[in-house]
Amino acid sequence: MPLQYKRVGCQIDSPFLFFRSQETITMSNLRVRFAPSPTGYLHIGGARTALFNFLLARKQQGTFVLRIEDTDVARSTQESVNAILQAMDWLGMDCDEGPLYQSDRFDLYRQKVDQLLAEGKAYRCYCTADELEKKREDALKEGRKPKYDGTCRERGEVSRDLPCVVRFKAPQGGATTFHDRIKGSISFQNDELDDLIIQRTDGTPTYNFVVVIDDAEMGINLVLRGDDHINNTPRQIMLYEALGYPVPDFAHVPMILGADKSRLSKRHGATSVMAYKDMGYLPEALVNYLVRLGWSHGDQEIFSMKELIELFSLDNVGKSASVFNPEKLLWLNSHYIKTGDPARLSELLAEHLQSEGVDVSTGPALEAIVAALQDRSKTLVEMAQQALCFLCEKVDVDEKAAAKFLVDKNRQPLEALVRTLETWKEWDEKSLDTAFKNVLETNDLKFGKLAQPTRVALMGDTKGPGICLIMQILGREKTIDRLKEAIGRISG
RNA sequence: GUCCCUAUCGUCUAGCCCGGCCUAGGACACCGGCCUUUCACGCCGGCGACGGGGGUUCGAAUCCCCCUGGGGACGCCA
């Protein structure tokens, strides 16, 4: 399809120039895709693959396609599709095309099977699943590579009224080689490959077949996916060629492993992207963590999405698998909480508090609480936990803390503090600090001596933000109430 | 078992392509110190790696070969 463009003041008809102009006009023709199968939630590994695709597309102003690989009708669910969409949205990855469903395209696949059959590039196979299973087991037992023995390939095309699958007649002899954009040159002996099934007995097409058709038909020119697909690549290249499609570029990103170096799975902890949201992680922390797993830009550790779009490149993607390290993710999360905008954080915190059944409509402003807690919370869940004592009606006093600080010798100082606060005019951190010091002076006390009992009285615990900041956030009424209650506890 | 991929601190990685600037840099974790009303934050310091063996070279983390370790694939799953 010729591209329309205006040639202004240029008489040259050179095909070379035409080509150049076309390139300039289209800006970028990079087309990448993320193609999850909807048989569960979006997991960490999938998210990173999606992220790399997304980043590359955005950087080169290309197109990011989302395709749902649901040819396995039995295991695919709409809930999974929704969960994946939701997770991608949370991470800030929006696609330019899709979601496209393979289940909508069975006619096309059927047509391509027929085409290969008609061209003699595929054949019907009547071997039963049981027979194949037995042959596979025998081969494995005898230490041979289990591959289809070609029984029906040799038989020739005799039409029978029996259930059958369709197999691709793979070229024999020679080798299939491709240049991987991450791993470099990869080569397979064709004899290692067998005739893969492209259509099941029930008439549905299989993964390796549809992936090729879809990537080709959608104009995907860079296939960027996990390196567990390297072994599928030579077969897919053969299919591209048999179907008469141009072969795209490939880039295989290394796997993510658990602490024991085995493939990341549930037993290593949470693998679902949305589980991290629930655990109080910020999307920018997960994105930042995931991108640094396998990719680097010198010594830089912190990247905003905007920076990533500028800086990300396949050139700096490592070749070897990497271990998922929850501690570093936690560190990144605490970093983004520390440096985050309190207004935004308040909204996110409110969600967590509400899901805990806490009423955030009354009580001190969430933003002030967030500001006080940012430096000391690694997750929003932690922050919600610490925010509780500001929001609840009654302080839940820790017994050990009470036993140590809410004791008789601290009663007089606390009473003195109450007396001072009851008549104190200003109620901000700085002014309260003056009030507090006045009490210390008149009672000849050290800061810590009064601060800790006060903290326990107000927060129920020995740790937390600065004592005067706590009083400011709590407000006069709650502060005095809680102090009096603590005094009552000592007396009582 | 066969094939494919891979190999720098415990972990993520820089350096490797284009050998000398590497007594191998940064980050997480860990340990110690400082700051401090507490807990954190922060700051300073410490611990800690080129898997092994052969080559090539005046010189190798960097180039070549072998071994070993690790991962993946070998489905009428994707």
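**Exercises on a predicted protein–RNA model**

**Exercise 1.** In this predicted model, determine which elements each supply at least two residues of the surface near RNA strand B, and which one gives the largest share.

*Solution.* Step 1: the elements that each contribute at least two residues are helix H5 (129-141), strand E7 (184-189), strand E12 (322-323), H12 and helix H19 (447-459). Step 2: H19 provides the largest share, with 5 residues. Step 3: by residue class, this surface comprises 24 charged, 19 polar and 17 nonpolar residues.

**Exercise 2.** Establish which parts of RNA strand B the protein approaches, and name polar contacts to sugar and base atoms.

*Solution.* Step 1: sugar or phosphate accounts for 69% of the strand B atoms within 4 Å of the protein, and bases for the rest. Step 2: on the sugar side, a polar side-chain atom of Asp-72 is 2.9 Å from a sugar or linking oxygen. Step 3: on the base side, a polar side-chain atom of Arg-455 is 2.6 Å from a base oxygen, while a backbone N or O atom of Gly-464 is 2.6 Å from a base nitrogen.

**Exercise 3.** Describe the span of helix H12, its buried residues and what covers them.

*Solution.* Step 1: H12 (residues 326-339) has 14 residues and reaches 20 Å from first to last C-alpha, close to the expected 20 Å. Step 2: its buried residues are Leu-329, Leu-332, Asn-333, Ser-334, Tyr-336 and Ile-337. Step 3: their cover includes helices H9 (273-278), H10 (283-292), H13 (342-355) and H15 (380-391).

**Exercise 4.** Is Asp-227 buried or exposed?

*Solution.* Step 1: Asp-227 has a relative accessible area of 17%. Step 2: buried means under 20%, so Asp-227 is buried.

Note on methods. Residues numbered from 1 in each chain as written. Chains lettered and ligands numbered in written order. Predicted model: local features only at pLDDT ≥ 70, side-chain atom pairs only at ≥ 80, totals over all residues. Heavy atoms only, no water. Helix = DSSP H or I, 4+ residues; strand = E, 2+ residues; numbered from the N terminus. Expected span 1.5 Å × (residues − 1). Buried < 20%, exposed > 50% of the residue type's maximum accessible area, 1.4 Å probe, protein only. Contact = heavy atoms within 4.5 Å. Near = heavy atom within 4 Å. Polar contact = N/O pair within 3.5 Å; in protein donor to acceptor, adjacent residues only side chain to side chain. Nonpolar A, V, L, I, M, F, W, Y, C, P; charged D, E, K, R; others polar.
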